[in-house]
Amino acid sequence: MNVRAAAANVLFQVVDKGQSLSHALPAAQKTIKPRDYALLQEICYGALRYLPRLESIANELMDNPLKGKKRVFHHLILVGIYQLSFMRIPSHAAVAETVEGTKTLRGPSLSGLINAVLRSYLRDQEALDSKSVSHNAGKYGHPSWLLKLLQESYPEQWEALVEANNSKAPMWLRVNRKHHTRAEYQVLLDQENIEYTLHPEAEDAIKLSSPCDVTVLPGFSQGWVSVQDAAAQLSVNYLQPQNGELILDCCAAPGGKTAHILEHTEDTEVVAIDSDVKRLDRVYDNLERLQLRADVICGDARYPEEWWHGEKFDRILLDAPCSATGVIRRHPDIKWLRRASDIEALSVLQSEILDAMWRQLKPEGTLVYATCSVTPQENVEQIRAFLQRTSNAQLINSDINKPGRQIFPGEEDMDGFYYAVLRKTI
(Lines give C-alpha, C1' and ligand atoms only; values in the text may rest on other atoms or scores of the structure.)
Protein backbone atom coordinates (compact mmCIF):
# COMPACT_ATOMS: atom_id res chain seq x y z
CA MET A 1 0.00 0.00 0.00
CA ASN A 2 1.02 3.59 -0.61
CA VAL A 3 2.43 4.85 2.72
CA ARG A 4 0.38 8.06 2.67
CA ALA A 5 -2.79 6.05 2.06
CA ALA A 6 -1.87 3.77 4.96
CA ALA A 7 -1.35 6.81 7.20
CA ALA A 8 -4.69 8.29 6.14
CA ASN A 9 -6.40 5.03 7.03
CA VAL A 10 -4.74 5.01 10.46
CA LEU A 11 -5.94 8.56 11.15
CA PHE A 12 -9.42 7.60 9.98
CA GLN A 13 -9.49 4.60 12.33
CA VAL A 14 -8.27 6.64 15.30
CA VAL A 15 -10.06 9.98 14.86
CA ASP A 16 -13.34 8.84 13.29
CA LYS A 17 -13.65 5.29 14.61
CA GLY A 18 -12.12 5.72 18.08
CA GLN A 19 -9.53 2.98 17.63
CA SER A 20 -6.27 3.25 19.55
CA LEU A 21 -3.09 4.09 17.65
CA SER A 22 -1.37 1.09 19.23
CA HIS A 23 -3.90 -1.12 17.44
CA ALA A 24 -4.38 0.78 14.16
CA LEU A 25 -0.67 1.38 13.43
CA PRO A 26 0.52 -2.26 13.61
CA ALA A 27 -2.41 -3.27 11.39
CA ALA A 28 -1.36 -0.68 8.81
CA GLN A 29 2.27 -1.79 8.96
CA LYS A 30 1.21 -5.17 7.60
CA THR A 31 0.13 -3.46 4.37
CA ILE A 32 3.43 -1.67 3.61
CA LYS A 33 7.09 -2.54 3.18
CA PRO A 34 9.22 -2.73 6.35
CA ARG A 35 11.50 0.01 5.04
CA ASP A 36 8.51 2.40 5.23
CA TYR A 37 7.60 1.68 8.88
CA ALA A 38 9.46 4.70 10.23
CA LEU A 39 7.86 7.06 7.71
CA LEU A 40 4.38 5.74 8.50
CA GLN A 41 4.95 6.17 12.23
CA GLU A 42 6.33 9.69 11.82
CA ILE A 43 3.31 10.81 9.77
CA CYS A 44 0.73 9.21 12.07
CA TYR A 45 2.26 10.41 15.33
CA GLY A 46 2.94 13.88 13.98
CA ALA A 47 -0.52 14.36 12.47
CA LEU A 48 -2.14 13.34 15.76
CA ARG A 49 0.09 15.72 17.71
CA TYR A 50 -0.97 18.67 15.57
CA LEU A 51 -4.45 17.52 14.55
CA PRO A 52 -6.39 20.78 15.27
CA ARG A 53 -3.84 22.81 13.31
CA LEU A 54 -4.10 20.50 10.31
CA GLU A 55 -7.90 20.42 10.52
CA SER A 56 -8.02 24.22 10.59
CA ILE A 57 -5.92 24.49 7.45
CA ALA A 58 -7.93 21.83 5.62
CA ASN A 59 -11.20 23.54 6.48
CA GLU A 60 -9.90 26.85 5.15
CA LEU A 61 -8.97 25.27 1.84
CA MET A 62 -12.17 23.32 1.18
CA ASP A 63 -15.60 24.70 0.39
CA ASN A 64 -17.36 21.47 1.34
CA PRO A 65 -16.01 18.95 3.84
CA LEU A 66 -15.58 15.34 2.76
CA LYS A 67 -18.12 13.14 4.51
CA GLY A 68 -19.29 9.55 4.67
CA LYS A 69 -17.28 7.17 2.50
CA LYS A 70 -15.02 10.06 1.50
CA ARG A 71 -13.84 10.78 5.05
CA VAL A 72 -10.64 8.79 4.63
CA PHE A 73 -9.67 11.23 1.86
CA HIS A 74 -10.08 14.09 4.33
CA HIS A 75 -7.42 12.37 6.42
CA LEU A 76 -5.28 11.93 3.32
CA ILE A 77 -5.35 15.72 2.95
CA LEU A 78 -4.23 16.05 6.59
CA VAL A 79 -1.38 13.66 5.82
CA GLY A 80 -0.33 15.87 2.93
CA ILE A 81 -0.52 19.08 4.95
CA TYR A 82 1.51 17.53 7.78
CA GLN A 83 4.29 16.55 5.38
CA LEU A 84 4.41 20.00 3.80
CA SER A 85 4.32 21.76 7.16
CA PHE A 86 6.52 19.64 9.41
CA MET A 87 8.64 17.21 7.38
CA ARG A 88 11.72 17.67 5.22
CA ILE A 89 10.26 15.78 2.30
CA PRO A 90 10.51 17.89 -0.88
CA SER A 91 7.12 19.51 -1.50
CA HIS A 92 6.73 18.09 -5.00
CA ALA A 93 7.34 14.57 -3.70
CA ALA A 94 4.99 15.00 -0.75
CA VAL A 95 2.20 16.24 -3.02
CA ALA A 96 2.76 13.60 -5.69
CA GLU A 97 2.88 10.67 -3.26
CA THR A 98 -0.15 11.91 -1.35
CA VAL A 99 -2.17 12.29 -4.54
CA GLU A 100 -1.01 8.81 -5.58
CA GLY A 101 -2.59 7.52 -2.37
CA THR A 102 -6.05 8.14 -3.85
CA LYS A 103 -5.53 5.11 -6.10
CA THR A 104 -4.81 2.80 -3.17
CA LEU A 105 -7.86 4.16 -1.37
CA ARG A 106 -9.97 3.59 -4.48
CA GLY A 107 -10.80 7.21 -5.04
CA PRO A 108 -8.80 8.30 -8.08
CA SER A 109 -11.55 10.76 -9.00
CA LEU A 110 -10.53 12.77 -5.94
CA SER A 111 -6.91 13.11 -7.02
CA GLY A 112 -7.55 16.49 -8.64
CA LEU A 113 -9.19 17.88 -5.51
CA ILE A 114 -6.39 16.72 -3.23
CA ASN A 115 -3.74 18.01 -5.60
CA ALA A 116 -5.46 21.40 -5.73
CA VAL A 117 -5.85 21.63 -1.95
CA LEU A 118 -2.22 20.83 -1.27
CA ARG A 119 -0.94 23.23 -3.91
CA SER A 120 -3.21 25.95 -2.52
CA TYR A 121 -1.64 25.34 0.87
CA LEU A 122 1.84 25.75 -0.59
CA ARG A 123 0.85 29.08 -2.18
CA ASP A 124 -0.65 30.53 1.03
CA GLN A 125 1.27 28.53 3.63
CA GLU A 126 2.41 31.42 5.79
CA ALA A 127 -1.05 32.96 6.16
CA LEU A 128 -2.75 29.59 6.69
CA ASP A 129 -0.20 28.51 9.28
CA SER A 130 -0.64 31.75 11.15
CA LYS A 131 -4.42 31.44 11.20
CA SER A 132 -4.26 27.79 12.30
CA VAL A 133 -2.56 28.75 15.58
CA SER A 134 -4.77 31.75 16.33
CA HIS A 135 -7.00 29.59 18.55
CA ASN A 136 -5.95 27.56 21.60
CA ALA A 137 -6.63 24.12 20.11
CA GLY A 138 -4.39 24.85 17.15
CA LYS A 139 -1.75 26.68 19.16
CA TYR A 140 -1.40 24.02 21.86
CA GLY A 141 -2.56 20.87 20.06
CA HIS A 142 -4.86 19.78 22.91
CA PRO A 143 -8.64 19.48 23.19
CA SER A 144 -10.21 22.31 25.18
CA TRP A 145 -11.29 20.13 28.11
CA LEU A 146 -7.78 18.78 28.65
CA LEU A 147 -6.16 22.18 28.22
CA LYS A 148 -8.54 23.63 30.82
CA LEU A 149 -7.83 20.76 33.24
CA LEU A 150 -4.06 21.29 32.94
CA GLN A 151 -4.38 25.06 33.34
CA GLU A 152 -6.54 24.75 36.46
CA SER A 153 -4.48 21.95 38.03
CA TYR A 154 -1.04 23.35 37.26
CA PRO A 155 -1.30 27.12 36.63
CA GLU A 156 2.48 27.54 36.64
CA GLN A 157 3.47 24.38 34.75
CA TRP A 158 0.70 23.78 32.20
CA GLU A 159 2.56 25.28 29.25
CA ALA A 160 5.59 23.09 29.95
CA LEU A 161 3.26 20.07 30.21
CA VAL A 162 1.68 20.89 26.86
CA GLU A 163 5.08 21.33 25.24
CA ALA A 164 6.27 18.01 26.67
CA ASN A 165 3.12 16.26 25.45
CA ASN A 166 3.80 17.49 21.92
CA SER A 167 7.42 16.34 21.93
CA LYS A 168 8.88 13.02 20.82
CA ALA A 169 9.53 10.54 23.60
CA PRO A 170 13.04 9.15 24.07
CA MET A 171 13.92 5.48 24.13
CA TRP A 172 14.77 4.25 27.64
CA LEU A 173 16.32 0.87 28.39
CA ARG A 174 16.11 -1.20 31.57
CA VAL A 175 19.18 -3.32 32.16
CA ASN A 176 18.42 -6.80 33.50
CA ARG A 177 20.68 -6.99 36.54
CA LYS A 178 20.45 -10.78 36.55
CA HIS A 179 22.76 -10.61 33.53
CA HIS A 180 24.69 -7.34 33.83
CA THR A 181 25.08 -4.29 35.99
CA ARG A 182 24.26 -1.03 34.27
CA ALA A 183 27.98 -0.23 34.11
CA GLU A 184 28.68 -3.56 32.42
CA TYR A 185 25.97 -2.97 29.85
CA GLN A 186 27.36 0.50 29.16
CA VAL A 187 30.54 -1.19 27.96
CA LEU A 188 28.51 -3.26 25.49
CA LEU A 189 26.80 -0.14 24.15
CA ASP A 190 30.16 1.59 23.83
CA GLN A 191 31.46 -1.31 21.78
CA GLU A 192 28.52 -0.86 19.38
CA ASN A 193 29.01 2.94 19.27
CA ILE A 194 25.50 3.48 20.64
CA GLU A 195 25.35 6.81 22.46
CA TYR A 196 23.43 7.16 25.71
CA THR A 197 22.99 8.94 29.02
CA LEU A 198 22.13 7.61 32.49
CA HIS A 199 19.26 8.37 34.81
CA PRO A 200 20.36 9.69 38.23
CA GLU A 201 17.60 7.92 40.20
CA ALA A 202 16.46 4.86 38.25
CA GLU A 203 19.51 2.66 38.73
CA ASP A 204 18.86 0.33 35.79
CA ALA A 205 17.85 3.04 33.29
CA ILE A 206 19.79 4.11 30.19
CA LYS A 207 18.47 6.67 27.70
CA LEU A 208 19.57 6.25 24.11
CA SER A 209 20.56 9.44 22.30
CA SER A 210 18.63 8.17 19.28
CA PRO A 211 15.96 5.46 19.21
CA CYS A 212 16.95 2.27 17.44
CA ASP A 213 15.55 -1.10 16.49
CA VAL A 214 15.76 -3.46 19.47
CA THR A 215 17.52 -6.04 17.32
CA VAL A 216 20.70 -3.92 17.36
CA LEU A 217 20.80 -3.81 21.16
CA PRO A 218 23.38 -6.19 22.66
CA GLY A 219 21.67 -9.27 24.05
CA PHE A 220 18.08 -8.10 23.60
CA SER A 221 16.85 -11.49 22.41
CA GLN A 222 18.67 -13.13 25.35
CA GLY A 223 16.87 -10.89 27.84
CA TRP A 224 19.80 -8.70 28.82
CA VAL A 225 17.81 -5.50 28.39
CA SER A 226 14.23 -4.26 27.95
CA VAL A 227 12.59 -1.08 26.69
CA GLN A 228 10.85 0.76 29.54
CA ASP A 229 10.56 4.43 30.45
CA ALA A 230 12.60 5.53 33.45
CA ALA A 231 9.49 6.74 35.31
CA ALA A 232 7.99 3.26 35.14
CA GLN A 233 11.30 1.79 36.34
CA LEU A 234 11.01 3.84 39.53
CA SER A 235 8.26 1.47 40.67
CA VAL A 236 10.88 -0.83 42.21
CA ASN A 237 12.39 2.12 44.11
CA TYR A 238 9.04 2.68 45.80
CA LEU A 239 7.97 -0.95 46.15
CA GLN A 240 11.35 -2.08 47.58
CA PRO A 241 10.72 -5.81 46.89
CA GLN A 242 12.63 -8.23 49.11
CA ASN A 243 13.83 -11.79 48.51
CA GLY A 244 11.35 -14.53 49.35
CA GLU A 245 8.25 -12.34 49.50
CA LEU A 246 4.82 -12.86 47.97
CA ILE A 247 4.20 -9.87 45.70
CA LEU A 248 1.22 -8.89 43.56
CA ASP A 249 1.54 -6.79 40.42
CA CYS A 250 -2.03 -5.61 39.89
CA CYS A 251 -3.08 -4.48 36.40
CA ALA A 252 0.25 -5.86 35.24
CA ALA A 253 0.08 -5.95 31.43
CA PRO A 254 2.30 -5.67 29.45
CA GLY A 255 4.52 -7.00 32.25
CA GLY A 256 7.48 -4.65 32.43
CA LYS A 257 7.09 -3.97 36.14
CA THR A 258 6.49 -7.65 36.88
CA ALA A 259 9.77 -8.49 35.19
CA HIS A 260 11.60 -5.66 36.94
CA ILE A 261 10.50 -6.98 40.35
CA LEU A 262 11.76 -10.45 39.44
CA GLU A 263 15.05 -9.03 38.16
CA HIS A 264 15.61 -7.40 41.57
CA THR A 265 14.85 -10.41 43.77
CA GLU A 266 15.53 -14.08 44.41
CA ASP A 267 13.06 -16.78 45.49
CA THR A 268 10.20 -14.27 45.18
CA GLU A 269 6.72 -15.37 44.18
CA VAL A 270 5.19 -12.72 41.93
CA VAL A 271 1.55 -12.84 40.89
CA ALA A 272 0.66 -10.74 37.82
CA ILE A 273 -3.03 -10.05 37.28
CA ASP A 274 -4.83 -8.16 34.53
CA SER A 275 -8.40 -8.15 33.24
CA ASP A 276 -7.43 -8.03 29.55
CA VAL A 277 -6.61 -11.53 28.33
CA LYS A 278 -5.14 -10.25 25.05
CA ARG A 279 -2.76 -7.89 26.83
CA LEU A 280 -1.65 -10.76 29.06
CA ASP A 281 -0.07 -12.30 25.96
CA ARG A 282 2.49 -9.48 26.20
CA VAL A 283 3.23 -10.49 29.80
CA TYR A 284 3.91 -14.08 28.75
CA ASP A 285 6.10 -12.90 25.86
CA ASN A 286 8.18 -10.62 28.09
CA LEU A 287 8.65 -13.27 30.76
CA GLU A 288 9.68 -15.83 28.15
CA ARG A 289 12.27 -13.55 26.57
CA LEU A 290 13.68 -12.62 29.98
CA GLN A 291 13.54 -16.24 31.21
CA LEU A 292 11.55 -15.26 34.28
CA ARG A 293 8.59 -16.92 35.98
CA ALA A 294 5.44 -15.40 37.48
CA ASP A 295 1.94 -16.61 38.25
CA VAL A 296 -0.08 -14.87 35.52
CA ILE A 297 -3.84 -14.57 36.11
CA CYS A 298 -6.69 -13.02 34.12
CA GLY A 299 -9.16 -11.43 36.52
CA ASP A 300 -10.96 -8.30 37.66
CA ALA A 301 -8.92 -6.51 40.33
CA ARG A 302 -12.12 -5.34 42.02
CA TYR A 303 -13.06 -8.92 42.90
CA PRO A 304 -9.90 -10.71 44.07
CA GLU A 305 -11.94 -13.42 45.80
CA GLU A 306 -12.77 -14.72 42.32
CA TRP A 307 -9.16 -15.35 41.34
CA TRP A 308 -7.00 -15.52 44.49
CA HIS A 309 -7.33 -18.00 47.34
CA GLY A 310 -3.78 -17.93 48.69
CA GLU A 311 -2.11 -15.95 51.44
CA LYS A 312 -2.25 -12.19 51.62
CA PHE A 313 0.58 -10.31 49.94
CA ASP A 314 3.69 -8.78 51.46
CA ARG A 315 3.70 -6.07 48.80
CA ILE A 316 1.28 -4.93 46.12
CA LEU A 317 2.07 -2.75 43.14
CA LEU A 318 -1.21 -1.26 41.93
CA ASP A 319 -0.58 0.31 38.53
CA ALA A 320 -4.18 1.45 38.27
CA PRO A 321 -6.18 1.89 35.05
CA CYS A 322 -5.98 5.59 34.28
CA SER A 323 -6.42 8.32 31.68
CA ALA A 324 -2.78 7.90 30.56
CA THR A 325 -2.47 11.68 30.35
CA GLY A 326 1.16 11.36 31.44
CA VAL A 327 2.20 9.38 28.34
CA ILE A 328 0.62 11.51 25.60
CA ARG A 329 4.01 12.07 23.97
CA ARG A 330 4.17 8.28 23.39
CA HIS A 331 0.47 7.97 22.57
CA PRO A 332 -0.77 11.22 20.99
CA ASP A 333 -4.11 9.58 20.17
CA ILE A 334 -4.97 9.82 23.89
CA LYS A 335 -5.72 13.51 23.40
CA TRP A 336 -8.47 12.70 20.92
CA LEU A 337 -9.80 9.43 22.36
CA ARG A 338 -10.26 10.60 25.96
CA ARG A 339 -13.22 12.65 27.16
CA ALA A 340 -13.60 14.80 30.28
CA SER A 341 -16.17 12.33 31.63
CA ASP A 342 -13.58 9.54 31.53
CA ILE A 343 -11.66 11.07 34.42
CA GLU A 344 -14.53 10.72 36.89
CA ALA A 345 -15.34 7.19 35.73
CA LEU A 346 -11.71 6.14 36.05
CA SER A 347 -11.47 7.71 39.52
CA VAL A 348 -14.38 5.56 40.69
CA LEU A 349 -12.80 2.42 39.23
CA GLN A 350 -9.44 3.24 40.83
CA SER A 351 -11.10 3.71 44.20
CA GLU A 352 -12.83 0.32 43.96
CA ILE A 353 -9.61 -1.46 43.00
CA LEU A 354 -7.63 0.32 45.72
CA ASP A 355 -10.06 -0.77 48.43
CA ALA A 356 -10.11 -4.35 47.13
CA MET A 357 -6.33 -4.59 46.98
CA TRP A 358 -5.96 -3.15 50.47
CA ARG A 359 -7.90 -6.15 51.81
CA GLN A 360 -5.37 -8.46 50.14
CA LEU A 361 -2.37 -6.85 51.86
CA LYS A 362 -0.76 -8.30 55.00
CA PRO A 363 -0.48 -6.18 58.15
CA GLU A 364 2.77 -4.19 57.91
CA GLY A 365 2.64 -4.76 54.17
CA THR A 366 3.34 -2.10 51.53
CA LEU A 367 1.07 -1.02 48.68
CA VAL A 368 2.36 1.28 45.97
CA TYR A 369 -0.36 3.11 44.07
CA ALA A 370 0.78 4.21 40.61
CA THR A 371 -0.68 5.78 37.49
CA CYS A 372 0.69 7.19 34.24
CA SER A 373 -1.65 10.15 34.66
CA VAL A 374 -1.18 13.79 35.62
CA THR A 375 -4.74 14.56 36.73
CA PRO A 376 -5.13 15.33 40.47
CA GLN A 377 -8.46 13.46 40.54
CA GLU A 378 -6.69 10.20 39.75
CA ASN A 379 -3.65 10.86 41.92
CA VAL A 380 -3.36 13.14 44.94
CA GLU A 381 -7.12 13.46 45.42
CA GLN A 382 -7.54 9.70 45.06
CA ILE A 383 -4.95 8.97 47.76
CA ARG A 384 -6.21 11.73 50.06
CA ALA A 385 -9.72 10.27 49.91
CA PHE A 386 -8.40 6.75 50.53
CA LEU A 387 -6.49 7.86 53.62
CA GLN A 388 -9.57 9.59 54.99
CA ARG A 389 -11.69 6.44 54.75
CA THR A 390 -8.99 3.90 55.70
CA SER A 391 -7.90 4.03 59.33
CA ASN A 392 -5.11 1.45 59.03
CA ALA A 393 -3.35 3.14 56.09
CA GLN A 394 -0.16 5.10 56.67
CA LEU A 395 1.32 7.36 54.00
CA ILE A 396 5.07 6.90 53.62
CA ASN A 397 7.58 9.62 52.72
CA SER A 398 5.09 12.34 51.80
CA ASP A 399 2.58 14.71 53.36
CA ILE A 400 -1.18 14.12 53.33
CA ASN A 401 -1.72 17.66 52.04
CA LYS A 402 0.27 16.72 48.96
CA PRO A 403 0.45 12.92 49.04
CA GLY A 404 2.74 10.94 46.80
CA ARG A 405 5.00 12.13 44.00
CA GLN A 406 3.78 13.55 40.73
CA ILE A 407 6.31 13.21 37.93
CA PHE A 408 5.56 15.52 35.00
CA PRO A 409 6.17 14.57 31.36
CA GLY A 410 9.64 15.71 30.39
CA GLU A 411 10.98 15.73 33.96
CA GLU A 412 14.43 14.10 33.62
CA ASP A 413 13.04 13.24 30.16
CA MET A 414 10.63 10.77 31.76
CA ASP A 415 6.97 10.10 31.10
CA GLY A 416 4.37 11.55 33.43
CA PHE A 417 3.81 9.24 36.38
CA TYR A 418 2.44 9.25 39.92
CA TYR A 419 3.48 7.18 42.94
CA ALA A 420 2.15 6.97 46.49
CA VAL A 421 3.49 4.50 49.06
CA LEU A 422 1.08 3.19 51.69
CA ARG A 423 1.74 0.90 54.67
CA LYS A 424 -0.88 -1.20 56.40
CA THR A 425 -0.53 -0.66 60.14
CA ILE A 426 -2.69 -3.56 61.42
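Contact here means heavy atoms within 4.5 Å of each other. By that rule, G416 touches G326, V327, C372, S373, V374, I407, F408 and P409, with residues up to four places away in sequence not counted. The model is a predicted one, in which local features need pLDDT of at least 70, side-chain atom pairs count only at pLDDT 80 or more, and totals for chains, interfaces and linings use all residues. Residues are numbered from 1 along each chain as its sequence is written, and side-chain values use heavy atoms, with hydrogens and water left out.

**Overall form**

The protein has 19 helices and 12 strands. These are DSSP runs numbered from the N terminus: helices are H or I with at least four residues, strands are E with at least two. A compact globule of 426 residues would have a radius of gyration near 22 Å, and the 23 Å of the protein agrees with this. That radius is taken over C-alpha atoms, and the globule rule is 2.2 Å times the number of residues to the power 0.38. Along the principal axes, the C-alpha atoms fill a box of roughly 70 × 50 × 40 Å.

Among contacts with a separation of 6 or more, 71% join residues 24 or more positions apart. Of the 426 residues, 55% count as buried. Buried means under 20% relative accessible area, exposed over 50%, and partly exposed in between (1.4 Å probe, protein chains only).

**Three loop residues**

| Residue | Loop between | Relative accessible area |
|---|---|---|
| G255 | β5 (246-250) and α15 (256-264) | 1%, buried |
| D300 | β7 (295-298) and β8 (313-319) | 22%, partly exposed |
| G416 | β11 (405-407) and β12 (417-424) | 0%, buried |

G255 and D300 both fall under the UniProt annotation "binding site", from an unreviewed entry, which also covers positions including C251, K257, D274 and D319. UniProt positions are given in the numbering used here, feature names are shortened, and annotations may be inferred rather than shown by experiment.

D300 counts as partly exposed because its relative accessible area is 22%. Leaving aside neighbours within four places in sequence, D300 is in contact with I273, S275 and W307. G255, in contrast, counts as buried because its relative accessibility is 1%.

G416 is buried as well, at 0% relative accessibility. The C-alpha atoms of G416 and A164 are separated by 9.5 Å, although the two residues are 252 residues apart along the chain.
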